[in-house]
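Student: Walk me through this model, please, one feature at a time.

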Amino acid sequence: MRSPRRCSRNGCPRQAVATLTYVYNESTAVVGPLAAFAEPHTYDLCEPHARSLTAPRGWDVVRHEGEFEPPPPTTDDLVALAEAVREAARPAPPRPDEIENDPHSGPQTGRRGHLRVIPPSH
């Protein structure tokens, strides 16, 4: 499942709800609703950073007037979540080293991670 997009500001853990773009030839910064896809040369912002953004002297800021809301989950997100739950519930098949180290299969030497299992000598 995709994790929600986060604010591009350093150290900000909040979810992005707006996208900042620049129109360089018009010296304008545009803050609007969150874009459908993350694009290079754009910045995702949380609501406090989107509302408090200032531009350099001589630049204009065009800001979305409505509410900034997080995007609803997409069907891709829901399908990915269902697949992850289904995969977690599926029992794992026994690994070859577990079959080798089965105490009912007779004395054998096998490896398990970084440890070596050595059968007792009788």
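Student: In which strand is Tyr22 found?

Tutor: Tyr22 is found in strand β1. Helices (H or I, at least four residues) and strands (E, at least two) are DSSP runs, numbered from the N terminus. Before we go on: this is a predicted model, so local features need pLDDT of at least 70 and side-chain atom pairs count only at pLDDT 80 or more, while totals for chains, interfaces and linings use all residues. Residues are numbered from 1 along each chain as its sequence is written, and side-chain values use heavy atoms, with hydrogens and water left out.

Student: How many helices and strands does the protein chain have, and in what order do the elements run?

Tutor: The protein chain has three helices and six strands. Starting at the N terminus, you read them as β-β-β-α-β-α-α-β-β.

Student: How do I read burial, and what share of the protein chain counts as buried?

Tutor: Buried means under 20% relative accessible area, exposed over 50%, and partly exposed in between (1.4 Å probe, protein chains only). Here, 19% of the 122 residues count as buried. Try it on Tyr22: its relative accessibility is 31%, so Tyr22 counts as partly exposed.

Student: Which residues make the nonpolar surface patch?

Tutor: Patches are made of residues with over 30% relative accessible area and no salt bridge; like charges are joined within 9 Å, nonpolar side chains (Val, Leu, Ile, Met, Phe, Trp, Tyr) within 5 Å. The areas come from the Shrake-Rupley method with a 1.4 Å probe, and for residues only the protein chains shown count as cover. In this model, Tyr22, Tyr24 and Tyr43 make a nonpolar patch of about 350 Å². Tyr24 sits in the loop between β1 and β2, and Tyr24 is exposed because its relative accessible area is 61%. Tyr24 and Trp59 are 35 residues apart in sequence, yet their C-alpha atoms are 9.2 Å apart in space.

Student: What lines the second largest pocket?

Tutor: On a 1 Å grid over the protein atoms alone, a pocket is an open set of points with protein on both sides within 12 Å along at least five of seven lines, the points being ones where a 1.4 Å probe fits; lining residues have an atom within 4 Å of a point. Grid points are joined across faces, edges and corners, and the volume is the space filled by probe spheres set on them. The second largest pocket comes to about 150 Å³. Its lining includes Ser8, Arg9, Tyr22 and Tyr43, so two of the patch residues turn up again here. β1 (18-23) and β3 (43-45) each supply at least two lining residues.

Student: By class, what does that lining have?

Tutor: Eight nonpolar, two polar and one charged residues. Ala, Val, Leu, Ile, Met, Phe, Trp, Tyr, Cys and Pro count as nonpolar, Asp, Glu, Lys and Arg as charged, and the others, Gly among them, as polar.

Student: How many salt bridges does the structure hold?

Tutor: Side chains of opposite charge can pair when their charged atoms come close. A salt bridge is a side-chain nitrogen of Lys or Arg within 4 Å of a carboxyl oxygen of Asp or Glu. The structure holds two. One joins Asp44 and Arg5 at 2.8 Å, N to O. That pair links distant parts of the chain, with Asp44 in strand β3 and Arg5 in the segment before β1, 39 residues apart. Asp44 counts as buried because its relative accessibility is 9%, while Arg5, at 22%, is partly exposed.

Student: And which residues form the 3.4 Å salt bridge?

Tutor: Glu47 and Arg51, taking the closest N and O atoms. The two are four residues apart in helix α1 (residues 47-52), so about one helical turn separates them. Glu47 is partly exposed at 28%, and so is Arg51 at 34%.

Student: Which backbone angles should I look at?

Tutor: Most residues other than glycine have a negative phi. Ser27, in the loop between β1 and β2 (28-33), has a positive phi of about 50°. His41, in the loop between β2 and β3, has a phi near 70°. Ser27 is partly exposed, with a relative accessible area of 24%, whereas His41 is exposed at 73%.
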